[in-house]
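Let's take a relaxed look at one protein model together. Keep the sequence and the 3D view open while you read.

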Amino acid sequence: MADGTPRTAIVAEEAADRLYIIDARHGVERRILLDWIHSTSGDEEPQWASLDIEDGDHALPVDVLQARLGGTPSRQVVPLRVAWRIPGFDRDRAIKFRHLIFGDPRHPGPLRARLILLRDRRRAHILVGEAATLDTLRDRFCAQTGGGDGEGAGSPEFAGFVARQAALALDVAERGIRGSRYKVPRFVADGLRTSPKFRAALAELSEQLGRPVGDLYREARPLMKEVIARPSALFLDLRARLDRMMFGGYAPEMEVDAAELAKLRDILREHPTSILFTHKTYIDGATPSRLLYENDMPVLHSFGGANLDFAIMGEFFRRSGMIFIRRSFQDQPVYKIVLRHYIAWLLAKRFPLSWAFEGTRSRLGKLMPPKYGLMKYVLDAAHATGTRDVHFVPFVTSFDLIRDVEEYAAEQTGRNKKPESLSWFLGYMKSLKEPSGRIRLDIGEPVVIAEAPGPDDKRALEKIAFAVAVEANRVTPLTVTSVMCLILLGLAPRGATAAELIAAIAAVTDWARTRGIRLSKELESSDDGALSATVDTLVESGLLTRYEAGSENVYSIDPAKHPMASYYRNIIAHHFLDRAMIELALFQLRDGGEGDATATFWTRIDRLRDLFKFEFFYPPRDEHRAAIEAELARIDPVWDRRLASGDRGIAQLIRRCQPVVGHAILLPFAEAYSVVAELLTRAKPGDEVDAKALLDAALVEGRQAYLLRRISSEAAIGKLLFENGLSLMRHMGLAEIATPDGLAARRALLAELRGLANVMESMRLSTTALADKLPGGPDA
């Protein structure tokens, strides 16, 4: 047991019917355990076998053990190990990087062990793993390996199996004193090689390829070494320390809901699980592993490209739980089998996996379309091995400030990305020490896959990924940073006084509460002190400006910072999308509505949905219409009668929508698309579209359009925005070889986009006019 006492009492008359397996790294540990065995065995000579049960690529020395496994079926096999206690270490896990050189203090060498014993023998803690009878072990061996190599329970393979089972039992006991954060996979390669399903897969491949199965085993062995991560307590502690260093500029404690954390703990314990995190920065991949480590949950296995598996860093991350996979292995069937069964092994043993399901960092702030590669690997592994009830858990990290955003803004306006190098890494780590506010974690409801779809079921894969994305969007909270950027970008170029900002923030948070949208701690509690501290951090970072020379403090966003501010606004834009579409459709009706207002309204909604389909995730049309109707009902319970009544009812609905946000959400997309559309209208019949040249030209023309104020903000100048605009026009058939009809359709689209921008400009003016009437404003 964890306290060093056996799970069943050892008395002298029973000791002769026990076989002790001593897991000792050196003679000092073996002597301690033998002394303990003799002190508890009475006059009988105890049976024991000592070996260092290492998890390596070599066969265990099991000759002695094999010779002593021939007892009666009821003989108890009792595993023993020494766990070395370090005063204070288990409390704060103060691991040092010097331990990489001198070794893990929890595993002292013989000299250090003798010195420890001279100072305090109580630091050598004897662990007794849960015993099992030989009969039980033989049954377990047959169930897990299918009988192994066919030589039966007297074979070296059975002896190795018993040794590994002893080590696993001792690991369980040691976690009782160390913690579950140190639950790491052991003997993975051995588990795969002896797995009946793995053997069957290689046998089937042998028949397909006409190659001897022995050759395939020999090919698989180095592939296992390449693929399998080998996390250990020392490297997990070092990785945790590195994580804490990376988050040095943020508040020490990450905010997470206790109920969500408890639910995640239960899911990880009971189900095969993958944590899929949103990807905004280089460091958000560390927040799930940090959360699990700090809350004593098992090691999280993440994925990395094989190109990152180099020199010291590759080994460091492999030893802390990273799985390096090749970029392409379409024609490497043995590699596929190894990877598939390794993933299935981790799922079956309840070791959670983790990756960024967007595949790359979001350069615009909003959720990127999911990449299917890693999800497909996991689902294929689950399908091939019959693993059921796989849980995909969406995981959202919200930062008050993201140090990568300035880089994103520069990239989107055409500047070259700085190459990643040692000097770049040191500079980036230095920037992370600057005050950056808080970190909040939100854990979504799991997307549960009762039975994994087949490898060719692409539609099922897309539906699962879409469900994860929708849930990630749902649990994304409004933060002080994102809400202030939304408000100030909507008012720009006007600023806002402190009182106006507080009133606007209160209006937005009240609106969010009625819709069940999550709020950060400062917004939820209306804590003025916490809010002021966050605002001070944003001002010190340069994202916001604060004019303090006048009678009132005035906040604004410098036009040059609009691309950065739009990033934070885009993080929460999906929460306001239905509202924005309603507002824009109503303003369009007000400015040019004729005929059946209700029918026209829904036609406008459908058109907006189509125009921005490459920017946002939509539910099916029927569900989306129901969501729009629900939002209209919150705005005005009799919205349908007002809408049907025409101009007067539309004006009343618009007043009930104030302050409007539609222009703050959709204007940059419409303006960016108009830049692309204008370039396409300049073509001559017969011209083809050169996508690269078009996008390069869009960056130049977009800058010119901003200088001439044909577009309102630099936030509308961005490579990804222009790419999405071109994708829309391809989808509409407007990016083919130019024809007279095609050019006319391009001009019509350009006119439509500019018309939308003009309508949104009128929305902005109405918001600016309303600002003085908000509580705290001069006319309030």
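Is Asp-606 buried, partly exposed or exposed? Asp-606 counts as partly exposed, at 36% relative accessibility. Here, buried means under 20% relative accessible area, exposed over 50%, and partly exposed in between (1.4 Å probe, protein chains only).

A quick word on the ground rules: this is a predicted model, where local features need pLDDT of at least 70, side-chain atom pairs count only at pLDDT 80 or more, and totals for chains, interfaces and linings use all residues. Residues are numbered from 1 along each chain as its sequence is written, and side-chain values use heavy atoms, with hydrogens and water left out.

**Charged pairs**

Side chains of opposite charge can pair when their charged atoms come close. A salt bridge is a side-chain nitrogen of Lys or Arg within 4 Å of a carboxyl oxygen of Asp or Glu. Searching the whole structure turns up 59 salt bridges, and here are a few of them:

| Pair | N to O distance |
|---|---|
| Asp-606 and Arg-621 | 3.5 Å |
| Arg-607 and Glu-752 | 2.8 Å |
| Arg-754 and Glu-678 | 3.0 Å |

Arg-607 sits in helix α27 and Glu-752 in helix α34 (residues 740-771), so this pair ties together parts 145 residues apart in sequence. Helices are DSSP runs (H or I, at least four residues), numbered from the N terminus. Both partners are partly exposed: Arg-607 has a relative accessible area of 30%, and Glu-752 is at 26%.

Arg-754, also in helix α34, reaches Glu-678 in helix α31, with their places 76 residues apart in the chain. There is a bigger group too: Asp-23, Asp-55, Arg-81, Asp-171, Glu-174, Arg-178 and Arg-186 are linked in a network of salt bridges.

**The nonpolar inside**

A nonpolar core is a set of buried Ala, Val, Leu, Ile, Met, Phe, Trp, Tyr and Cys residues joined through side-chain atoms within 4.5 Å. The largest one has 144 residues, and Leu-478, Phe-601, Phe-612 and Leu-666 touch the most other members. Helix α31 (residues 662-681) gives this core its largest share, 13 residues. A second, separate core has 61 residues, including Phe-198 and Val-378.

Which residues does Phe-612 touch, not counting those up to four places away in sequence? Its contacts (heavy atoms within 4.5 Å) are Tyr-618, Leu-666, Phe-669, Ala-670 and Tyr-673.

**One exposed residue**

Now for the outside: Ile-101 lies in helix α5 (residues 99-102). Ile-101 is exposed, with a relative accessible area of 71%.

Methods
Helices (H or I, at least four residues) and strands (E, at least two) are DSSP runs, numbered from the N terminus.
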